[in-house]
Amino acid sequence: MKVINEFKMTVLSKSTNESFTRAAVSAFALQLDPTIDELSDIKTAVSEAVTNCIVHAYRESLGKIYITAQIRDDYSILIRIRDRGCGIDNIEQAMQPLFTTAGGERAGLGFAVMQSFMDSLKVRSKVGGGTSITMVKKISMRTNGNVSK
């Protein structure tokens with residue numbers, strides 16, 4: 001797939017940046033003319049991924065969250081959210097619904113939510129080296145008149 005447009009940004013792992021990243025990525029996705037449901041799916045998945053970085057990757061410290069979004073010529077958006085935090089010891093276990101290392105109010109549904117709202121989800125992680133989440137959402141072809149190739 002050919003990349004039509006791309007943006008990158010870096011934010012600190014502050015909870016106030018969760019809503020900002022969600023808004024920025026969804027605004028970028030608008031050029032694909034998504035439905036309201038598709039846009040909501042993207043916002044929710046981004047929110048979950050960034051929240052994972054804030055709550056789990058950096059825990060009690062501040063770190064950087066790296067976000068890349070690409071509009072591709074197959075009318076999809078690829079979103080990569082990466083951190084350099086503590087990493088995930090067991091990705092398969094972490095992706096199980098209701099599993100959480102944070103305890104308390106956390107439901108352990110972040111990865112399950114991302115999987116259900118996006119067309120693909122890939123998680124790579126290295127303990128002590130951080131985690132990278134790559135998600136793709138295919139946008140239904142209605143008019144898609146806003147994408148310039």
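Start by selecting strands S3 and S5, which pair in the antiparallel sense over seven bridges. As you look around, keep in mind that this is a predicted model.

**Along S5**

Within this pair, find Ile 79, which stands opposite Met 135 in S5. Keep Met 135 selected and look to its other partner: Leu 121 also stands opposite this residue of S5.

Now colour all of S5 by accessibility. Is S5 largely enclosed or left open by the rest of the structure? Eight of its nine residues are buried, so S5 is largely enclosed.

**The S4–S5 hairpin**

Next, add S4 to your selection. S4 and S5 (residues 130–138) pair in the antiparallel sense, again over seven bridges. Together the two strands form a hairpin with three residues between them. Zoom in on the turn and pick Gly 128, which has a positive phi of about 80°. Beside the turn, Lys 126 stands opposite Gly 130 in S5.

**The whole sheet**

Zoom out and show every strand. In what order do the five strands lie? The order is S1-S2-S3-S5-S4, in an open sheet with antiparallel pairing. S1 (3–12) and S4 (120–126) stand at the edges; each has a single partner strand, so one side of each is left without a neighbour in the sheet. Turn the sheet to view its twist, which averages 10° from one strand to the next.

**Lys 8, on an edge strand**

Select Lys 8, which has its place in strand S1. Is this residue buried or exposed? Lys 8 counts as exposed, because its relative accessibility is 60%, and the cut-off for exposed is over 50%. Leaving aside residues up to four places away in sequence, Lys 8 touches Ile 67 and Thr 68. Then draw a distance from Lys 8 to Ile 79, the residue you met in S3's pairing with S5: C-alpha to C-alpha they are 9.9 Å apart in space, though 71 residues apart in sequence.

**Two helices across the sheet**

Bring up helix H1 (residues 16–29). H1 lies across S1, S2 (64–72) and S3 (76–83), and runs at about 170° to S1. Helix H2 lies across S2, S3 and S5, running at about 10° to S3.

Stay with H2 and follow it from end to end. H2 covers residues 36–57, 22 residues in total, and reaches 31 Å from its first C-alpha to its last, close to the 32 Å expected at 1.5 Å a residue. Following H2, click on Arg 59, where phi is positive, near 40°.

**Two cysteines**

Select Cys 53 and Cys 86 to compare their surroundings. Cys 53 counts as buried because its relative accessibility is 3%, whereas Cys 86, at 27%, counts as partly exposed. How many disulfides does a search of the whole structure find? The search finds zero.

**Stepping back**

Finally, show the full cartoon. There are four helices and five strands in the protein, and from the N terminus on they run β-α-α-β-β-α-α-β-β. Of the 149 residues, 47% count as buried. Switch to a surface view: about 8000 Å² is exposed, with carbon and sulfur atoms supplying 49% of it. For a last look, turn on contacts with a separation of 6 or more: residues 24 or more positions apart account for 68% of them.

Technical notes
Residues are numbered from 1 along each chain as its sequence is written. This is a predicted model: local features need pLDDT of at least 70, side-chain atom pairs count only at pLDDT 80 or more; totals for chains, interfaces and linings use all residues. Side-chain values use heavy atoms; hydrogens and water are left out. The expected span of a helix is 1.5 Å times one less than its number of residues. A disulfide is a pair of cysteine sulfur atoms within 2.5 Å. Buried means under 20% relative accessible area, exposed over 50%, partly exposed in between (1.4 Å probe, protein chains only). Two strands pair if DSSP finds at least two bridges between them. Axes are lines fitted to C-alpha atoms, for helices over the stretch in contact, and angles run from 0 to 180 degrees between N-to-C directions. Contact means heavy atoms within 4.5 Å. Accessible areas come from the Shrake-Rupley method with a 1.4 Å probe; for residues, only the protein chains shown count as cover.
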